[in-house]
Amino acid sequence: MFTETEISKRKRQTENVMRIFFLVMTSLMILPLLLIIGYLLYKALPVLSLEFLFTNPKDNMRAGGLWAPFLGTIYLVVVSLFVSAPIGIFAAVYLNEYARESWFTRITNLAVVNLAGVPSIVHALFGVGAFVLFAGLGESILAASLTLAIMTLPVIIASTTEALKAVPMSFREACWNLGATRWQTIRRIVIPNSISGILTGVILQVSRAAGETAPIMFTGAVFYKNITEGNLFAYNITEQCMALSLHLFTISTQVPDVTEGIPYGTAVVLVGSVLLVNAASIVLRVYLRTRKKW
Amino acid sequence: MKTNSQNGSQMTPIIEVTDLRVHYGDKLALKGVSFDVYQNEILGIIGPAQSGKTTLLKVINRTLEFTPDATIEGSVKLDGEDISTISDVYGLRRRIGMVQPLPVGLPLSIYDNVAFAPRTAGIRSKSELDVIVERCLQQAALWEEVKERLNTLGTQLSGGQQQRLTIARALSHQPEILCLDEFSIAVDPVTTMRIEEVLKTLRTEMTILLVTNLVQQAKRLANRTAFFLNGDLIEIDTTDIIFSENPAEQATYDYVNGTFG
């Protein structure tokens, strides 16, 4: 019969202890998330309804719904991604596929890394200087979106670069050996095999852009604006808009006697839309991964 | 260095390499090599790792340009034309078929793998592509195994099949020269012998540069054999002489007989 030695017994015990330790740490990470969502939902339950989503705030924001800030956030996110996604993706393709190691690419890569670490309030001040004042856009959806775009750009470049690097170099070499240009290689092999990673990186920036308050509060988001309820085109991008993040901040700190559930409802809508978008990106990623070809 | 080919028809040089030096940064990978490659011969290129064999192939199809710190001196002429002055580098690469050591099936269907180069060269007609795909897969001795499933992924073939797929792909742009870089490294012996048979028939249509770490493979296939060592061309001569009891250099004798350090 096989008998366990002292050493292998201790090894097995340590193994069990470590596994439980890591499991506890993982649970500690998930617990706050569940508590936050649970607490928000519990507090928000009295106000949550479709009507809450599709009516404007009323009585100096003390009652009513979220239509204006909700639509404003959508505008800000969509317009900013329209700017940052193409620039970020094409810049990453250039840096990864075309550029040779040089002072230019080194500085660009350094700039990307550093820009990603700049606090959002600094982006806000840059946005005021560059877009609101210098470019003469005034405080508008356009100026706020461009500020958000500048903020998300470095992260999109970084995530796209990661996705491109995941395509094996040998595929590119095989294409070059066959007389393909770099562009033909990129179009037929590199992009089709990195698109899931690229899109995931872009979509994850939706949650970041939707949640930020500082970059938009000086560049285009306002305390209150009355718009047509239920009209998706109620905002003009040269005008200001409301936004969920700023709305949550103002009704929580600036307005007295707000109906109990409204701030929590606002938070639920903000977190819920972000989670929804993230879930969509996971579904997309899984779908594209099933088509992975090597 | 002496070269004496047996028959006159092989005496037209298709590639002329003159004093070729390649640096990777400070490191000298090819130390001034000169030799000719004749029309319709199989030139075996043997030598241990780090002797500059792969670098030589990359110079010939100008893919060394993708290695950032590589610099090239000397000249390589293809049909009398200096390749560094050819402006249509993609056309140049299509005149040369390249097979790499590890099979690289592109993440495309078997059909699209073979049709890749013709398509990048602008061929769109489905019937024309069908003919090319069948011809190349036939030539690479893969057609019978895959003709029923041309639309399945090339990356799902076995290693030996994938290597024959890369050979079919390398033939798809009708190259004048076929370069094989240690093609048998990831291929079983039976497949290796099948590919060797393929190469023997291809010799009538094109010139073949066979880089190999199996000296017996060079002995079996090559008309002439070149022995590279540490970036130097030690000796190039008919395969009979290289593998005889008295090649010009002692190092050659030691290497082909396996008594080399």
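**Sheets, core and chain contacts in a predicted two-chain model**

In chain B, β1(B) and β2(B) form a hairpin with two residues between them, and B:G25 in the turn has a positive phi of about 60 degrees. Strands, here and below, are DSSP runs of E of at least two residues, and helices are runs of H or I of at least four residues, each numbered from the N terminus. The model is a predicted one, in which local features need pLDDT of at least 70 and side-chain atom pairs count only at pLDDT 80 or more, whereas totals for chains, interfaces and linings use all residues. Residues are numbered from 1 along each chain as its sequence is written, and chains are lettered from A and ligands numbered from 1 in the order in which they are written.

The two arms of the hairpin, strand β1 (residues 13–24) and strand β2 (residues 27–38) of chain B, pair in the antiparallel sense over nine bridges, two strands being taken as paired if DSSP finds at least two bridges between them. Within this pairing, B:I15 has B:V37 of β2(B) as its bridge partner. β1(B) is also joined by eight bridges to strand β4 (residues 70–78) of chain B, the two running antiparallel, and here B:V17 is partnered by B:V76 in β4(B). Helix α1 (residues 53–60) of chain B packs on the sheet, where it touches β1, β2 and β4 of chain B, and its direction makes about 115 degrees with that of β1(B). Such angles run from 0 to 180 degrees between N-to-C directions, the axes being lines fitted to C-alpha atoms and, for helices, fitted over the stretch in contact. The sheet as a whole is open and consists of four strands in the order β2-β1-β4-β5 (chain B), with antiparallel pairing; β2 and β5 (81–82) of chain B are the edge strands, each pairing on one side only.

A further open sheet, of six strands, has the order β6-β7-β8-β3-β9-β10 (chain B) and mixed pairing. Its edges are formed by β6 (96–99) and β10 (232–238) of chain B, each of which pairs on one side only, and the twist from one strand to the next averages 15 degrees. A parallel pairing over four bridges links strand β3 (residues 42–46) of chain B with strand β9 (residues 224–229) of chain B, and B:L43 has B:R224 of β9(B) as its bridge partner. α6(B) lies across β6 and β7 of chain B and runs at about 170 degrees to β6(B).

Taken together, the secondary structure of chain B comes to 10 helices and 10 strands. The radius of gyration of chain B is 18 Å, close to the 18 Å that the globule rule gives for 261 residues, so the chain is as compact as a globular protein of that length; the radius is taken over C-alpha atoms, and the rule is 2.2 Å times the number of residues to the power 0.38. The C-alpha trace of chain B spans about 55 × 40 × 35 Å along its principal axes. Of the 261 residues in chain B, 43% are buried, a residue being buried if 20 or more other C-beta atoms lie within 10 Å of its own, exposed if 12 or fewer do, and partly exposed in between, with C-beta atoms placed from the backbone. Among contacts in chain B between residues at least 6 apart in sequence, 69% join residues at least 24 apart, contact meaning that the C-beta atoms, placed from the backbone, lie within 7 Å.

Two loop residues of chain B other than glycine have a positive phi. B:A141, with phi near 60 degrees, lies in the loop between α4 (126–139) and α5 (143–146) of chain B and is partly exposed, with 17 other C-beta atoms within 10 Å. B:Q174, with phi of about 45 degrees, is placed in the loop between α6 (159–171) and β7 (177–181) of chain B and is likewise partly exposed, with 16 other C-beta atoms within 10 Å.

Between the chains, 20 residues of chain B are in contact with 17 residues of chain A. On the side of chain B that touches chain A, the largest share, four residues, comes from α2(B). By class, this side has 11 nonpolar, six polar and three charged residues.

Notes. Contact = placed C-beta atoms within 7 Å. Nonpolar A, V, L, I, M, F, W, Y, C, P; charged D, E, K, R; others polar.
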